[in-house]
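Hi everyone, thanks for making the time. I'd like to walk you through a structure that is probably new to most of you, so let's put it up on the screen.

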Amino acid sequence: MATLSDRTFTQIAELMHGSIGLSFAPSKKPLISSRLAPRIQRLGLGSFEEYLQLISTPDDGGEFQMAVDLLTTNETYFFREPAHFELIEAELARERPRRVAVWSAASSFGDEAYSTAMLLADLHQRGQIGSDWSILGTDISDRVLHSASSAIYPAERLRQVPPERLKRHCLKGEGESEGLVQIGPKLRERVKFGQLNLCAAIEGGLPGAPFDIVFLRNVLIYFDPPTKRAVVDRVLTQLRPGGLFFIGTAEGRVPCDTPLQVLAPGAFRKVAG
Ligand SMILES: C[S@@+](CC[C@H](N)C(=O)[O-])C[C@H]1O[C@@H](n2cnc3c(N)ncnc32)[C@H](O)[C@@H]1O
């Protein structure tokens, strides 16, 4: 079994921080060791040093990405933190906008993006928003984005979706696909996914920007305080003044210089500057 030296731990932590902002304090050494050791063994490598060398080269066959996936959690599910979706519904029903553009930054497998799509489709059907609505989902991980585009989920992940809504928007798997659910084509065509590193400058305009609603939920946990602040302020440049901004309810105060009005736990409005 490979052992992780302090020096190699520091180098791995610096690589993760320098490239995608992930922050690993020295107390996280056992976590890095236990998450990467089985992978090193599976690849037939002899040491953490060899693995570090592999993930440091551009020609790594996607292994850096794999390491990121092993060191972060992609956990997500449909209508996570339902109060946020209730707030969006109330706000849109009141404003009745013609256009709604949403960005799910750190979308993981797409549950947040498709949950929002179900809500917007229903609001449109009830005549409460116009027909011009779209959703962009982005994440650092190729693997989750690939899965998000296929829009196939274990039914368990949609446990918070009421049966009527499920029936309206999803296809139920049969035979070999029993227990799986696919998001229907009408919603899929409204939701686009792309890779974006939240710790890098946003090049060009994101499709749909400026957004009316931005989710940045359950990802700030991975960043150190200066990185968190930079990420939040960068993301907020893509939200229109007056737009809604969400972080995870357990993530505490939102660290940023952009003026925000607090609406509810994890929910904010960008103050018109
Ligand atoms: C726990 S999931 C959050 C999913 C969803 N937003 C939610 O709240 O259910 C965290 C996601 O952040 C992504 N992530 C981590 N670092 C990132 C970065 N620097 N840029 C973009 N995404 C990142 C991970 O790949 C992972 O899919």
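I'll start with the whole chain, then go through a helix pair, a sheet and two spots in loops.

First off, please keep in mind that this is a predicted model. As for what the record says, the UniProt entry, which is unreviewed, annotates residues 1-251 as "domain: CheR-type methyltransferase". Over that stretch, the chain is 43% helix and 17% strand. If you look for the two ends of residues 1-251, their C-alpha atoms sit 36 Å apart.

Okay, now the helices. Find helix 2, residues 29-42, and helix 4, residues 63-71. How far apart are the axes of these two? The answer is 9 Å, and the helices pack at an angle of about 130 degrees. An angle over 145 would count as roughly antiparallel, and 65 to 115 as roughly perpendicular, so helix 2 and helix 4 are oblique to each other. The crossing, by the way, is right-handed.

Who is doing the touching? On the helix 2 side we have Leu31, Ile32, Arg35, Leu36 and Arg39. Helix 4 answers with Glu63, Met66, Ala67, Leu70 and Leu71. Sort that contact by class and you get seven nonpolar residues, three charged ones and no polar ones.

Let's move along to a sheet. Three strands make an open sheet here, and the order across it is 3-5-4, with antiparallel pairing. Which strands are at the edges? Those are strand 3, at 152-154, and strand 4, at 170-172, each pairing on one side only. On average, neighbouring strands in this sheet are turned by 30 degrees against each other, if you ignore direction.

Zoom in on strand 3 and strand 5, the latter being residues 180-183. Three bridges hold this antiparallel pair together. If you want one to click on, try Tyr153, whose bridge partner in strand 5 is Val181.

Last stop, the loops. Go to the one between strand 6, 191-195, and strand 7, 211-215, and you'll find Pro210. The peptide bond leading from Ala209 into Pro210 is cis, with omega near 0 degrees.

The other loop runs between helix 4, which we met earlier, and helix 5, at 82-95. Glu81 lives there. What is the phi of Glu81 near? It's near 55 degrees, so to speak a plus sign on a residue other than glycine.

That's my tour, so over to you for questions.

Key. Residues numbered from 1 in each chain as written. Predicted model: local features only at pLDDT ≥ 70, side-chain atom pairs only at ≥ 80, totals over all residues. Heavy atoms only, no water. Axes fitted to C-alpha atoms, helices over the stretch in contact; angles between N-to-C directions. Helix = DSSP H or I, 4+ residues; strand = E, 2+ residues; numbered from the N terminus. Parallel < 35°, antiparallel > 145°, perpendicular 65-115°, else oblique. Left-handed = near helix turned anticlockwise from the far one by under 90°. Contact = heavy atoms within 4.5 Å. Nonpolar A, V, L, I, M, F, W, Y, C, P; charged D, E, K, R; others polar. UniProt positions renumbered as here; feature names shortened; annotations may be inferred. Pairing = 2+ DSSP bridges.
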